[in-house]
Amino acid sequence: MTAERVALPPNSTIGIIGGGQLGRMSAMAAARLGYRCHILTPEADSPAAQVSSAVTIGAYDDPVAIRAFAEAVDVITFEFENVSAAGLDLLAELKPVHPSPAILRVSQDRVVEKSFINGAGAPSAPWAPVDTLAELQESVRDLGLPAVLKTTRLGYDGRGQAVLRDAEDVAAAWERLGPKPLILEGFVDFACELSVIVARGADGAMVAFDVVENRHRNHVLDITLAPARVASSVAEAARLTACRIAGALRLVGLLAVEMFVDRDGHILVNELAPRPHNSGHWTIDACPVSQFEMHIRAVAGLPLPPAWRHSDAVMKNMVGPEEMALWPAVLATPGLIPHLYGKAEARAGRKMGHVTRLFGKGALPGEFGVAAALGPLGAAPPISI
Ligand SMILES: Nc1ncnc2c1ncn2[C@@H]1O[C@H](COP(=O)(O)OP(=O)(O)O)[C@@H](O)[C@H]1O
Ligand SMILES: [Mg+2]
């Protein structure tokens, strides 16, 4: 049975857990729909709070901070999913929470997540839970090498991961990542990485943005190409997979599904993020309704318009002090649409902002054209995926 959609009236306050750029861009979209946002974050000067009407500064599991935050808002959502079980339970007691804490629990733990994905009928790389060195050795025998060892919890931007290429790597990777709960995954020799962002309302209505292609550098998303340059059958399979998972989760909100396409054109799901996603930033400039507006609409019970795209797009992240140093050159380059997140300090590996470049539909440039289209940011070292 599907629930009723109840529209949150204008001037209501949406509580967002997390103070990063995803919260910032969600709050900017919410403001355009006439909502106020209130941020819960441990950070004193956060990108999201800079553009919101209120902030509670406190830890995500601090009951005093959670109560003060919940008291001040009408509905609660997330831009960050690693809230403790106790924190989630308390939030859910106090105010409506979308997506539900149950969905966050799935996405917080790679073993629970992979079990859920496979249980929903979507394939992934072969995987095994690993809690001891002996289990790791046994799983390496079962899955073969190369393989990727990951912490089950709290990994992001490639942190908490080790690629095992030969037998000598096994003990060293255990030294580095153990004795925490881990997961071993078969290494996917992928043709490309895709993602799909889907929104689902309380009434079960679902819309999915076009499938995009993602390229990482140093395990951090570098470039997104919209649409993905894959066969339409692959794009359709990716979109159906994402919708199937969102339905199985009974999602209310936004879900990003990261996937690999293997050399035979098969889709393997990599991970889920029940929130706006870096690979959807292009939607701000290339779609009438961005992923951030779709997120707010789903959480606020508003209608979900089609996730229509009016342009092709290339999105490039600006990471760390090296790329931040190019900001004046970015501003001086016609055609680059700049987005900066308001972070005071450009630390190595930190996402500081992004740029989007738009093209007519069907006019996305080829391999060499992508670098040229990015002007000063295209001169970065060759893209490694
Ligand atoms: N099993 C795998 N096979 C091949 N590459 C992988 C595998 N798992 C992760 N990667 C690479 O590492 C990147 C980050 O891994 P991911 O599981 O998405 O963790 P996170 O984004 O949370 O850091 C992926 O986008 C992909 O490029
Ligand atoms: Mg990922």
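Which elements cover the buried residues of α4? Among them are β4 (75-78), α3 (85-94), α5 (110-119), α8 (232-249) and β14. Keep in mind throughout that this is a predicted model.

**View 1. Helix α4 and what sits over it.**
Helix α4 runs over residues 101-108, and six of its eight residues are buried, so the rest of the structure largely encloses it. The buried ones are Pro101, Ile103, Leu104, Val106, Ser107 and Gln108. To see the cover, look for strands β4 and β14 together with helices α3, α5 and α8, which are included in it.

**View 2. The shell around ligand 1.**
Here we zoom in on ligand 1, which has 20 residues around it. The closest are Lys150, Gly158, Glu193, Asn270 and Glu271. Sorted by class, the shell comes out as six nonpolar, seven polar and seven charged residues.

**View 3. Polar atoms facing ligand 1.**
Start with Val188: one of its backbone N or O atoms lies 2.9 Å from a nitrogen atom of ligand 1. Glu193 brings a side-chain N or O atom to 2.6 Å from an oxygen atom of the ligand. Glu271 joins in too, with a polar side-chain atom 2.8 Å from an oxygen atom of ligand 1. On its own the ligand would expose 540 Å², and the protein buries 92% of that. Four elements give two or more residues to the shell: β6 (147-151), β8 (182-186), β13 (253-261) and β14 (267-273).

**View 4. Glu271 and its protein neighbours.**
Now stay with Glu271, which is found in strand β14. Is Glu271 buried or exposed? The answer is partly exposed, at a relative accessible area of 23%. Its side chain and that of Arg110 are joined by a polar contact of 3.1 Å. Setting aside neighbours within four places in sequence, Glu271 is in contact with Arg110, Glu113, Ala256, Val257 and Glu258. Phe260 is 11 residues away from Glu271 along the chain, and their C-alpha atoms are 9.8 Å apart.

**View 5. The largest nonpolar core.**
This core holds 26 residues, and those with the most contacts inside it are Leu194, Ile245, Leu255, Val257, Met259, Val269 and Leu272. Two or more residues come from each of α4, β9 (192-200), α8, β13 and β14. Which element gives the largest share of this core? That would be α8, with seven residues.

**View 6. A closer look at Val269, plus a second core.**
Val269 is one of the residues with the most contacts inside the largest core. Beyond its neighbours within four places in sequence, Val269 is in contact with Lys114, Ile117, Ala122, Pro123, Ser124, Ala125, Thr241, Ile245, Val257, Glu258 and Met259. There is also a second, separate core of 20 residues, including Val207, Phe209, Ala273 and Trp282.

**View 7. Glu213 in strand β11.**
Glu213 is found in strand β11, which spans residues 212-217. Unlike the partly exposed Glu271, Glu213 is buried, with a relative accessible area of 7%. What does the side chain of Glu213 reach at 3.1 Å? It reaches the backbone nitrogen of Arg229. Apart from neighbours within four places in sequence, Glu213 is in contact with Cys192, Glu193, Leu194, Ile223, Thr224, Leu225, Ala228 and Arg229. Two of those names turned up earlier: Glu193 beside ligand 1, and Leu194 in the largest nonpolar core.

Terms used
Residues numbered from 1 in each chain as written. Chains lettered and ligands numbered in written order. Predicted model: local features only at pLDDT ≥ 70, side-chain atom pairs only at ≥ 80, totals over all residues. Heavy atoms only, no water. Near = heavy atom within 4 Å. Polar contact = N/O pair within 3.5 Å; in protein donor to acceptor, adjacent residues only side chain to side chain. Areas by Shrake-Rupley, 256 points an atom, 1.4 Å probe, with all protein chains shown as cover. Nonpolar A, V, L, I, M, F, W, Y, C, P; charged D, E, K, R; others polar. Buried < 20%, exposed > 50% of the residue type's maximum accessible area, 1.4 Å probe, protein only. Contact = heavy atoms within 4.5 Å. Core = buried A, V, L, I, M, F, W, Y, C linked by side-chain atoms within 4.5 Å.
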